[in-house]
Amino acid sequence: MNSIVCISQVPDTEARIRIGSDGKSIDEAGVKFIVSPYDEYALEEAIKLKEAKGGDVTVLTFGPDRAAQALRESLARGATKAVHIKGDLAGVDSLGIARVLAAAIGQLEYDILFLGKLGVGTDNALVGPMLAELLDLPQLNVVTHLEVGEGKVTAHREVEGAEEIIEASLPAVVTAQKGLNEPRYASLKGIMAAKKVPIDTKSIADLGLDEGEIRGQRMTVVKMELPPEKAAGKKIDGGDPAAAAKQILDYIRDEAKAL
Amino acid sequence: MANVLVICEIKDGKLKKASREALSIGRKIAEAAGGELQAAVLGASASSLAEEAGKFGAKTLFAAGDASLDQYETESWTAAAKAAVEAASPGVVLLGATAAGRDLAPRLAARLGVGVASDVDRLEWDGGKLKARRPVYSGKAFATVQMEAEPAIATLRPNAFPAEEAGGGAAAVKEVSFQAPASKAKVAEVKSTTGGELTIAEADIIVSGGRGLKEADNYKVIRELAQALGGAVGASRATVDAGWIDHQHQVGQTGRVVSPNLYIAAGISGAIQHLAGMSSSKHIVAINKDAEAPIFRIADLGVVGDLFTILPALTEEVKKAKGA
């Protein structure tokens, strides 16, 4: 059972966001980059599958030089192969990313594809289903539980107030939601072993893709801004619970008009 | 001139709230673009929604009236939605950012070779193009994107656009025929997980609890207030990670970004990831023992005190006020 896990490297969720000088992007200076948290669930599921059924776990990413670090971290956790499509992400939209990944995946062998349900930061949640469409595969999106059988897969998917149980044929695209598993940490042995695994690095041109198909065609970011500063609200002492409750009630009724 | 097509969802025989919200902003975009508002409705009862869609300003309803579409499934809905788009040839396609909308929009966009602005909270028609503002970095910043390809597709964050009736007559129904695909994925079962409780994604009111609750059982003070207010129960990451409550209640980065009318945070200090996920709420009340808690920086009303005495008193006040 061979898995491919598509990962993305994103700013740390603890990072303070500053706007770049062009007013259309964030300032990356001093920002620490991490593997997108949902991708960790995707990777863990693939590693568990390898442990149960054998096969390879290939981690694949599209991004600049720094993205190689995300691949190294994933190898240290238990991925067995790594592919880095090296390229600048500026002006690339989700369909552009999906096209790059689809082209790279076309050169690999796989039974199942994993991604996080979204890349934390850009928060688009688009690449998984787009990739499934480009590869003409079924998609199992926002998955909290997965069972892989012979040529088929059953997934629990989170929807509003309910859970859908979906059955699909393999190969399939699975996007991971929090709760799917508990991602492991890298062991020292894993970190050492990961250093010996070569990363297969390619360019967009190596994949036979034209830059025009992936960049700036369908949508452009015209502005990036911070949320407006909120005026400080009222702060009261809740030492007398009954009086505090009354004040909150007045606020809920008169200001929020929520009663 | 551009028409606006809203791909709608049905719940209990009516349009879902997210679909009514999409129609309402869709009507304004259509007016600005000199076009018409259109609805696409999928499922056996599709044409029966013509009246309701008309009330929200839809002139035409493209109905894929096939019972195989009653349950949302990616592949059949993508085929039907694409047929509706071809029949309507809109400049803009809108969907609610619901579980189905988020699953369908990217698949449809890839099939059409166009982009998607996801989870949008502001939309405008400017110089012949759709401009969409969307929270990024879980609300720590906003990106405005200009859609260059047609149709421009956007999914709309629940509660960001008010649902407003326009008082129109029933929409004219046009049947859409589509080729049902041999789906590779089928929904075998749908299980309710909230027992009918409201979900944080859709709720107008959210009452959230954090580490200050001390233990799982104490979520009952949160639940009781949420129930009295008719709201949903939210949670901080710490309490979800501790196993006190299910992840679907989690607000913030790695949870859900929400913007309800009223957000009550009790025992939540306000980690940056949590604040990012709820700071766009319209009215924020915070109750915390620690007067220095970061949550007070964004609260409209902050109460420094003990949630275990204040919340039950508030629940009683709410019940009294509602009974009156």
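Hi everyone. Before we look at the strands, one definition: two strands count as paired here if DSSP finds at least two bridges between them. Keep in mind as well that this is a predicted model.

Let's start in chain B. Strand β9 of chain B, residues 129–136, runs antiparallel to strand β10 of chain B, residues 141–147, and six bridges join them. If you want a spot to click on, Arg134(B) stands opposite Ala143(B) in β10(B).

Now zoom out a little. Those two strands belong to an open, antiparallel sheet of four strands, ordered β12(A)-β10(B)-β9(B)-β8(B). At the edges stand β12 (219–225) of chain A and β8 (122–126) of chain B; each has a single partner strand, so one side of each is left without a neighbour in the sheet. From one strand to the next, the twist averages 25°. Helix α1 of chain B, residues 17–32, lies across β8 and β9 of chain B, at about 10° to β8(B).

On to the other sheet. This one is open too, with 10 strands and mixed pairing, and its order is β11(A)-β5(A)-β4(A)-β1(A)-β6(A)-β10(A)-β7(A)-β8(A)-β9(A)-β13(B). Which strands are at the edges? They are β11 (199–203) of chain A and β13 (185–192) of chain B, each pairing on one side only. Here the twist averages 30° from one strand to the next.

Helix α1 of chain A, residues 37–53, packs on this sheet, touching β1, β4, β6, β7 and β10 of chain A. Chain B brings a helix as well: α4 of chain B, residues 99–112, lies across β7 and β8 of chain A, running at about 125° to β8(A).

Thanks for listening!

How values were computed: Residues are numbered from 1 along each chain as its sequence is written. Chains are lettered from A and ligands numbered from 1 in the order in which they are written. This is a predicted model: local features need pLDDT of at least 70, side-chain atom pairs count only at pLDDT 80 or more; totals for chains, interfaces and linings use all residues. Side-chain values use heavy atoms; hydrogens and water are left out. Axes are lines fitted to C-alpha atoms, for helices over the stretch in contact, and angles run from 0 to 180 degrees between N-to-C directions. Contact means heavy atoms within 4.5 Å.
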